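I opened this notebook to record what I looked up in the structure, entry by entry.

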Amino acid sequence: MVRMPEPVPLADGIDRVIHEPGRLVIMASLYVVESADFLFLTRQTGLTFGNLSSHMSKLEEAGYIEVVKDFVDRKPHTMLRMTRKGRAAFEEYRRRMDGLFKGVR
Amino acid sequence: MSDDIDLNEMRKKAMSSFHEDGIYDITIGLLVLIWGFSSFTDDSTFIVIWVAVFPVYWWMKRRYTLPRIGMVRFARKGEGSLPRVLVTALIAAALAASLVVWWEANQTPKSFFYYLLTNNWGIILGVCAAAAGVVYARVSYIPRFYAYSAVTLAIFGTAQYTGLPFGAHLLALGVIFLGGGLYLLYRFTKKYPEQVVDGQDA
């Protein structure tokens with residue numbers, strides 16, 4: 001009889017919304033700036049427009065990012081930025097992942 | 001997983017790519033050139049022209065940078081505040097020194113500080129400007145500003161020994177910044193074609 005290994009307790013509670021690689025790099029890109037537009041994020045993340053759009057919808061649904069209207073040279077420009085909830089979630093995710101890897105030899 | 005994403009490197013990449021266009025260099029070059037030209041005249045119109053350069057920066061960002069790599073805003077709070085304080089302090093110190101020299105010009109006797117400033121104004125101005133440039137290069141991850149700082153120190157440091165008017169040195173410095181910026185802008189437009197993003201504002 002095969003005995004299943006005990007689950008790693010620290011892996012519980014990892015935020016699956018952030019954990020997806022595409023969304024993780026989007027969150028990281030937005031974490032280090034105040035706000036950025038769609039085109040800048042495609043350049044920074046290397047994701048296609050379609051991929052980025054799909055991930056953005058999920059992050060917006062989770063309340064981690066928001067769309068804001070900014071003005072550049074007095075003309076409106078759509079920007080994306082992380083919400084407070086998103087920053088807190090990202091920092092918690094980092095803390096959990098750091099703790100997870102500290103236990104790995 | 002978190003080791004694969006280096007947040008410091010991502011911030012560096014964001015800052016350096018946004019300033020790859022050379023528009024910042026062009027703006028500084030224009031400001032220094034206007035300062036240089038104004039030193040040869042008593043015309044106060046130059047102050048108006050000087051102020052008018054600042055909107056040019058954002059017009060150029062919108063015209064050349066936004067359609068190619070997009071737009072980003074960097075946080076002004078927290079870790080960015082100390083370098084800003086340092087640069088502001090350096091500029092304030094330079095202005096204060098200018099004020100002291102102007103105030104004491106008609107005083108008798110003059111203080112040691114006055115003679116220290118007037119006999120070494122080029123070096124002091126060069127050191128202040130270069131230090132501000134080095135601090136800015138460090139926090140904004142634009143390494144070419146280290147080179148600009150060295151050139152600024154050399155030009156201002158030799159200003160009182162060349163026999164040329166100070167305005168000539170400003171013109172030389174302005175040309176260097178402007179020329180560097182124009183070359184970078186040319187290279188930037190060749191490297192990044194304009195992109196069309198569905199749903200993005202025109």
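The entries below cover the two chains, their interface, the nonpolar cores and one chosen residue.

**Entry 1. Status of the model.** I note at the outset that this is a predicted model.

**Entry 2. Chain A.** I began with the secondary structure of chain A and found five helices and three strands. Reading along the sequence, I wrote down the order α-α-β-α-α-β-β-α. I then looked up burial: of the 105 residues in chain A, 46% are buried. For the contacts in chain A between residues at least 6 apart in sequence, I recorded that 55% join residues at least 24 apart. The exposed area of chain A came to about 6200 Å², and carbon and sulfur atoms supply 56% of that area.

**Entry 3. Chain B.** I repeated the steps for chain B, which has eight helices and one strand. Where does the strand fall in the order of elements of chain B? From the N terminus on, I read α-α-α-β-α-α-α-α-α, which places the β after three α elements. Chain B has 202 residues, and buried residues make up 37% of them. Of the contacts in chain B with a separation of 6 or more, I noted that 73% are between residues 24 or more positions apart. Chain B exposes about 11600 Å², with 68% of this supplied by carbon and sulfur atoms.

**Entry 4. The interface.** I turned next to the meeting of the two chains. The contact draws 34 residues from chain A and 31 residues from chain B. I recorded a buried area of about 2900 Å² between the chains, to which carbon and sulfur atoms give 60%. Between chain B and chain A I found 10 residue pairs in polar contact, counting pairs with both residues at pLDDT 80 or more. On the side of chain B that touches chain A, the elements giving two or more residues are α1 (7–18), α3 (45–69) and β1 (72–73). How many salt bridges does the rule find across this interface? I found one salt bridge between chain B and chain A. The side chains of B:R73 and A:D70 meet in a salt bridge, with N to O at 2.5 Å.

**Entry 5. The nonpolar cores.** I looked up the largest nonpolar core and counted 48 residues in it. Which members touch the most other members? I listed A:I18, A:M27, A:L30, A:V33, A:M56 and A:F90. Helix α2 of chain A, residues 21–31, gives the most to this core, with seven residues. A second core, separate from the largest, has 10 residues, among them B:V32, B:F145, B:I155 and B:L170.

I then followed A:V33 further. Apart from its neighbours within four places in sequence, A:V33 is in contact with A:R87 in chain A, and with B:A14, B:V72, B:R73 and B:F74 in chain B. I remarked that B:R73, a contact of A:V33, is also the residue in the salt bridge with A:D70.

**Entry 6. B:S149.** My last entry concerns a residue of helix α7 of chain B, which spans residues 144–158 and holds B:S149. Is B:S149 buried or exposed? I found a relative accessibility of 5%, so B:S149 counts as buried, the limit being under 20%. I then asked what the side chain of B:S149 reaches. The side chain of B:S149 reaches the backbone oxygen of B:F145 at 2.7 Å, and B:F145 is itself one of the residues of the second core. Leaving aside neighbours within four places in sequence, I recorded contacts of B:S149 with B:A130, B:G133 and B:V134.

Technical notes: Residues are numbered from 1 along each chain as its sequence is written. Chains are lettered from A and ligands numbered from 1 in the order in which they are written. This is a predicted model: local features need pLDDT of at least 70, side-chain atom pairs count only at pLDDT 80 or more; totals for chains, interfaces and linings use all residues. Side-chain values use heavy atoms; hydrogens and water are left out. A nonpolar core is a set of buried Ala, Val, Leu, Ile, Met, Phe, Trp, Tyr and Cys residues joined through side-chain atoms within 4.5 Å. Buried means under 20% relative accessible area, exposed over 50%, partly exposed in between (1.4 Å probe, protein chains only). Helices (H or I, at least four residues) and strands (E, at least two) are DSSP runs, numbered from the N terminus. Contact means heavy atoms within 4.5 Å. Accessible areas come from the Shrake-Rupley method with a 1.4 Å probe; for residues, only the protein chains shown count as cover. Buried area is the accessible area (1.4 Å probe) that two parts lose on being put together, summed over both. A salt bridge is a side-chain nitrogen of Lys or Arg within 4 Å of a carboxyl oxygen of Asp or Glu. A polar contact is a pair of N or O atoms within 3.5 Å; within protein, one must be able to donate a hydrogen and the other to accept it, and residues adjacent in sequence count only if both atoms are side-chain atoms.
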